[in-house]
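Trainee: Could you walk me through this structure and show how the labels are earned?

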Amino acid sequence: MSIDRAVFAFAGLMVLLSLLLTYFVHPGFIWFTAFIGVNMLQSAFTGFCPAAMIFRKLGLRPGTAF
């Protein structure tokens, strides 16, 4: 699996997790969802993604975006 695919899978998992937490635990978790969206948006413009850095250190092969 490339870093790109791992980042997309991780982002999708985090969005779903935050939505479940918002629904079942507390409505305040919607801010977690917003944080994930803002992080995805800034990484699209800057190319800086903390998750990609972690996946790179774990040994995943580089993709075209990260």
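Here is a short talk about one helix and the nonpolar core.

Mentor: This is a predicted model, where local features need pLDDT of at least 70, side-chain atom pairs count only at pLDDT 80 or more, and totals for chains, interfaces and linings use all residues. Residues are numbered from 1 along each chain as its sequence is written, and side-chain values use heavy atoms, leaving out hydrogens and water.

Trainee: Why is Ser 43 called buried?

Mentor: Buried means under 20% relative accessible area (exposed is over 50%, partly exposed in between, with a 1.4 Å probe and protein chains only). Ser 43 has 13%, so it counts as buried.

Trainee: Where is Ser 43 found?

Mentor: In helix H2, residues 30–46. Helices are DSSP runs of H or I, at least four residues, numbered from the N terminus.

Trainee: How do you know that the span of H2 agrees with what it should be?

Mentor: The expected span is 1.5 Å times one less than the number of residues. For the 17 residues of H2 that gives 24 Å, and the end C-alpha atoms are 24 Å apart, so the two agree.

Trainee: What makes the buried residues of H2 line one face?

Mentor: They are Thr 33, Ile 36 and Ser 43. Seen down the axis, they fall within an arc of 90 degrees, so they line one face; the arc uses directions from the helix axis to the C-beta atoms.

Trainee: Which exposed residues does the face turned away carry?

Mentor: Trp 31, Phe 35, Val 38, Leu 41, Phe 45 and Thr 46.

Note on methods:
Helices (H or I, at least four residues) and strands (E, at least two) are DSSP runs, numbered from the N terminus.
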